[in-house]
Amino acid sequence: MARRPARRRQSSARRARQARDNSVLALGLALGLIALVASGLVWLAHHLLLLLALLTAALAVTAVTVRRRVVAGRRAYESRVAQLRHIGPFLSMSPKDFEHALAVLCRRDGCTNVSVVGGAGDLAADVLATTPAGKRILIQAKRYGPRTFVGSQDVQQVNGTYRDVHGCDLAAVVTTNAFTKAASAFCAQVGIRTVDRKALALWAEGTGAPPWN
């Protein structure tokens with residue numbers, strides 16, 4: 001019976017030593033952290049000018065790189081616009097390149113939010129853009145050879161989607177050839193703009209009106 005108090009005293013002493021050791025360890029860690037932070041602050045104080053110089057150099061390199069990319073992009077765009085001043089390049093393009101070329105003409109003439117969306121399931125939309133007057137226009141691109149004409153079915157599909165599906169105010173069909181009489185009559189009736197090869201050539205040259213005017 002006399003041993004139990006001794007064990008309790010030993011257990012209490014052991015817990016006390018452990019708590020003291022934990023306190024010393026926590027204090028040591030705190031002092032070490034303070035010393036580390038202080039060393040970092042001292043290092044920063046001694047190397048502040050070097051850090052500022054490195055930061056300035058990095059910003060300068062970034063600015064030069066961005067400027068070069070902007071200039072290169074502008075030159076590429078201007079070169080592309082110059083190439084599209086004549087009808088010839090349009091006649092040898094693939095259908096996808098034709099869509100992108102029409103997007104370039106839209107940007108050249110002041111459109112914003114221009115996007116090429118043509119592809120499977122495009123629902124008659126190849127190019128979407130906002131005109132300088134703030135109206136949204138859908139352009140259906142028909143890169144056709146000299147023996148293929150835009151028919152009624154093509155323009156009827158455009159008429160069925162440009163307002164309700166794509167939320168556009170205007171619609172135009174642009175082709176490298178011509179429209180059938182029935183297709184032209186339908187477009188005139190419902191207000192879809194038609195741009196045949198001759199009108200496209202004038203638009204590309206800048207002497208003809210774009211399809212939203």
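Here are a few notes on this predicted model, covering its annotated spans, one helix pair and its aromatic pairs.

1. Ground rules: the model is predicted, so local features need pLDDT of at least 70, side-chain atom pairs count only at pLDDT 80 or more, and totals for chains, interfaces and linings use all residues. Residues are numbered from 1 along each chain as its sequence is written, and side-chain values use heavy atoms, leaving out hydrogens and water.

2. An unreviewed UniProt entry puts "transmembrane region" at residues 21-42 and 48-66; such annotations may be inferred rather than shown by experiment. In the model, residues 21-42 are 100% helix and 0% strand, with end C-alpha atoms 31 Å apart. Residues 48-66 are also 100% helix and 0% strand, and their end C-alpha atoms lie 27 Å apart. (Helices are DSSP runs of H or I, at least four residues; strands are E, at least two.)

3. Now look at α3 (residues 95-108) and α6 (residues 197-205), which pack at about 50 degrees with axes 10 Å apart. That makes the two helices oblique, the label for angles that are not under 35, over 145 or 65 to 115 degrees. Where they touch (heavy atoms within 4.5 Å), F98 and L102 are among the α3 residues, and W203 is one of those in α6.

4. What about aromatic pairs? There are two, counting Phe, Tyr and Trp rings (the six-membered one for Trp) with centres within 6.5 Å; planes under 30 degrees apart are stacked, over 60 edge-to-face, the rest tilted. F90 and F98 have ring centres 6.2 Å apart and planes at 90 degrees, so they sit edge-to-face. W203 and W212 are edge-to-face too, at 6.0 Å and 90 degrees.

5. Are F90 and F98 buried or exposed? Both are buried, meaning under 20% relative accessible area (exposed is over 50%, partly exposed in between; 1.4 Å probe, protein chains only). W203 is buried at 1%, and W212 is buried at 9%.

Terms used. Axes fitted to C-alpha atoms, helices over the stretch in contact; angles between N-to-C directions.
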